[in-house]
2 protein chains.
Amino acid sequence: MVIPVNQLRARGYRLTPQRLAILRVLNQVGTHRTPQEVYNLALKEIPGITEATVYRTLSFLTAQGLVLEAHVGNGQLVYECAEQVHHHLVCRACQATSMVDYADLQGVFRDLEQKTGYLIDSRHVALLGLCPDCQDKTEHTTNGKGER
Amino acid sequence: MVIPVNQLRARGYRLTPQRLAILRVLNQVGTHRTPQEVYNLALKEIPGITEATVYRTLSFLTAQGLVLEAHVGNGQLVYECAEQVHHHLVCRACQATSMVDYADLQGVFRDLEQKTGYLIDSRHVALLGLCPDCQDKTEHTTNGKGER
DNA sequence: TTGCTTATTGCAAATAGTTGCAATAACGAG
DNA sequence: CTCGTTATTGCAACTATTTGCAATAAGCAA
């Protein structure tokens, strides 16, 4: 993937080593990254980078549309590259995530836009649920705390 | 709305004044509440209640399905009563929210469940976008920072 | 009603995330 | 290449959220 250098500069923003490093980190792997993970990985490239910068850069990149932000499960904020439109299924028991490129969802969004007049830009929705494995496991202990 | 006292007790949990107060707070108004707001309101009923308890109770009630949790906009965690299945459209410019009781979304979820085997229990999805008003406003200044 | 078990709370310390501000450095202009 | 403007960073203080642990009190049984 090509880092959209020009996009940033064209909009009057600056292309700093910190931003490049963070983009590179997010490009490395195709999965979600928490701010802490991003920080640790970026630290290898930019030894002096701070957590504050990572947090600020992540929301900046999100605002610029270069990065997608999602709340996975319990409330963990995660980030990943805004390469293509896709969604996630997250198992609330085992935290497994599957990526869903679900065209139909887009269709529904489009309908919704027509009905409400909203312009929906959620290209990254995380849906909570139970994966097949955990459905089996929790069939008997519905409590989540054991039965005592 | 009736607080489902029995549900909690039946599952072996206890019905404490703190939990009742928090449920009452969330029942008072039909809108989202941040943990801080819940804390402030609960404080009026239970003078000694702590923030830790509020946070713990909110996630407890969420886990029990009595309360819905959603990330609105920027990453604010908000809670509200789990009265019925519905979703939200949140304008990322003016923070306006509209409630959507959108049966079609449920249909899509059902399809997804069939394809993936997941059991989806997201009954509260917040979709980000631009409301009609803000679309007009931002037509000219797409930057969000002025143009300088 | 009294006592017992143990889920839940409050407290305080720990961790996560945000923000103000002065110093730094990107990058366009000359 | 050098300079000036100002976006961005680092630092440190601050706010938000989580967690361990001992004390408390729900709710069952007698």
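Which polar side-chain atom lies 3.0 Å from a base nitrogen of DNA strand D? The points below address this and related features.

1. Basis of the note. This is a predicted model, in which local features need pLDDT of at least 70, side-chain atom pairs count only at pLDDT 80 or more, and totals for chains, interfaces and linings use all residues. Residues are numbered from 1 along each chain as its sequence is written, chains are lettered from A and ligands numbered from 1 in the order in which they are written, and side-chain values use heavy atoms, with hydrogens and water left out.

2. Base contacts. The atom in question belongs to A:R56, at 3.0 Å from a base nitrogen of DNA strand D. In chain B, an N or O atom in the side chain of B:R56 is 3.4 Å from a base oxygen of that strand. A polar contact here is a pair of N or O atoms within 3.5 Å; within protein, one must be able to donate a hydrogen and the other to accept it, and residues adjacent in sequence count only if both atoms are side-chain atoms.

3. Backbone contacts. Of the 20 residues around DNA strand D, A:R19, A:T53, B:R9, B:L15 and B:Y55 come nearest. Sugar and phosphate make up 69% of the strand D atoms that come within 4 Å of the protein. The side chain of A:T53 has an N or O atom 2.6 Å from a phosphate oxygen of the strand.

4. Elements at the DNA. Helices α2 (17–28) and α4 (51–63) of chain A, and α4 (51–64) of chain B, each supply at least two residues of the surface near DNA strand D. Helices are DSSP runs (H or I, at least four residues), numbered from the N terminus. A residue is near the strand if one of its heavy atoms lies within 4 Å of it.

5. Aromatic pairs. The structure holds 2 aromatic pairs over all chains (ring centres within 6.5 Å). The rings of A:Y13 and A:F60 have centres 5.0 Å apart and planes at 80 degrees, so this pair is edge-to-face (over 60 degrees). A:Y13, in the loop between α1 (5–10) and α2 of chain A, is 47 residues from A:F60 in helix α4 of that chain. Both A:Y13 and A:F60 are buried (under 20% relative accessible area, 1.4 Å probe, protein chains only).

6. Arginine over the ring. The charged end of A:R19 sits over the ring of A:F60, 3.7 Å from its centre. The criterion is CZ of Arg within 6 Å of the ring centre and within 35 degrees of the ring normal.

Key
Rings of Phe, Tyr and Trp (its six-membered ring) pair if their centres lie within 6.5 Å; planes under 30 degrees apart count as stacked, over 60 as edge-to-face and the rest as tilted. Buried means under 20% relative accessible area, exposed over 50%, partly exposed in between (1.4 Å probe, protein chains only).
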